[in-house]
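Hi,

Here is the structure I promised to pass on. Have a look at it first, and then read my notes below.

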Amino acid sequence: MKKYLISACLIGENVRYDGKNCLQQQLKQLIETGQAVTICPEVSVGLSTPRPPAEIGGGDGFDVLNHQAKVMDAQGNDVTQAFISGAEKTLKLAQKHQITHVILKANSPSCGSNMIYDGTFTGQKIQGVGVTTALLEQHGFQVITEDAFLKQLENK
Ligand code: SF4
């Protein structure tokens, strides 16, 4: 049986740094029908909403886990440890629920699985994954974006 893990902002929870969400109704339905669990890695470890935006500088989520890159917020605070803790909490949830499919919000420094912002806070993106995605992938989970999932649905 399929069991999904979905970013909390995608099911309508106001957990984004700007206090908003990115609701995708089809993903919310997976929660409502008991097929999915949800988490916001950042809020799960106590980061506030709203909060300053954060980006990975000098690499991607894998580099953060290898201590070769940091996550900084727009005010210059080093939030690396909070992001790693959020990733660990998300991994534990995925393992506990024996998740088979992971759908995380595109472009996020935690949840991104294809592109992320480049650390300059100028809107530029680079190829790479967020910290939570990196940890999940290290433990055998495949992570896709909401757009990739919705495209799969259309093609069925
Ligand atoms: Fe939280 Fe991930 Fe959504 Fe960011 S993208 S608000 S970390 S669930």
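S1 and S2 pair in the parallel sense, over 4 bridges. One of the residues to click on here is Tyr 4, whose bridge partner in S2 is Ala 36. Bear in mind that this is a predicted model.

The pair belongs to an open sheet of 4 strands with parallel pairing, in the order S2-S1-S5-S8. Strand S2 (36–39) and S8 are at the edges with a single partner strand each, so each has one side without a neighbour in the sheet.

Next, helix H6 (residues 146–154). Which of its residues are buried? Glu 146, Phe 149 and Leu 150 are. They span an arc of only 95 degrees around the axis, which means that they sit on the same side of H6. As for what they pack against, the buried residues of H6 meet strands S1 (4–7), S5 (101–103) and S8 (143–144), along with helix H1 (25–32). S1, S5 and S8 are also the strands that follow S2 in the sheet order S2-S1-S5-S8.

The other spot I'd point you to is Arg 51. You'll find Arg 51 in the loop between helix H2 (41–44) and strand S3 (54–57). Is this arginine buried or exposed? Its relative accessible area is 12%, and the cut-off for buried is under 20%, so Arg 51 counts as buried. Its side chain has polar company: there is a polar contact of 3.0 Å with the side chain of Glu 42, and another, at 3.2 Å, with the side chain of Thr 49. If you skip the neighbours within four places in sequence, Arg 51 is in contact with Val 15, Arg 16, Tyr 17, Cys 40, Glu 42 and Val 43. Glu 42 thus turns up both in that contact list and as a polar partner.

Now the whole chain. The protein has 6 helices and 8 strands, and along the sequence they run β-α-β-α-β-α-β-α-β-β-β-α-β-α. For 156 residues, a compact globule would have a radius of gyration near 15 Å, and the 14 Å found for the protein agrees with that. Along the principal axes, the C-alpha atoms fill a box of roughly 40 × 30 × 30 Å.

Some last numbers: 46% of the 156 residues count as buried. Among contacts with a separation of 6 or more, 62% come from residues 24 or more positions apart. The protein exposes about 7900 Å², with carbon and sulfur atoms supplying 48% of that area.

Cheers

Technical notes: Residues numbered from 1 in each chain as written. Predicted model: local features only at pLDDT ≥ 70, side-chain atom pairs only at ≥ 80, totals over all residues. Heavy atoms only, no water. Buried < 20%, exposed > 50% of the residue type's maximum accessible area, 1.4 Å probe, protein only. Helix = DSSP H or I, 4+ residues; strand = E, 2+ residues; numbered from the N terminus. Arc of directions from axis to C-beta. Contact = heavy atoms within 4.5 Å. Pairing = 2+ DSSP bridges. Polar contact = N/O pair within 3.5 Å; in protein donor to acceptor, adjacent residues only side chain to side chain. Rg over C-alpha atoms; globule rule 2.2 N^0.38 Å. Areas by Shrake-Rupley, 256 points an atom, 1.4 Å probe, with all protein chains shown as cover.
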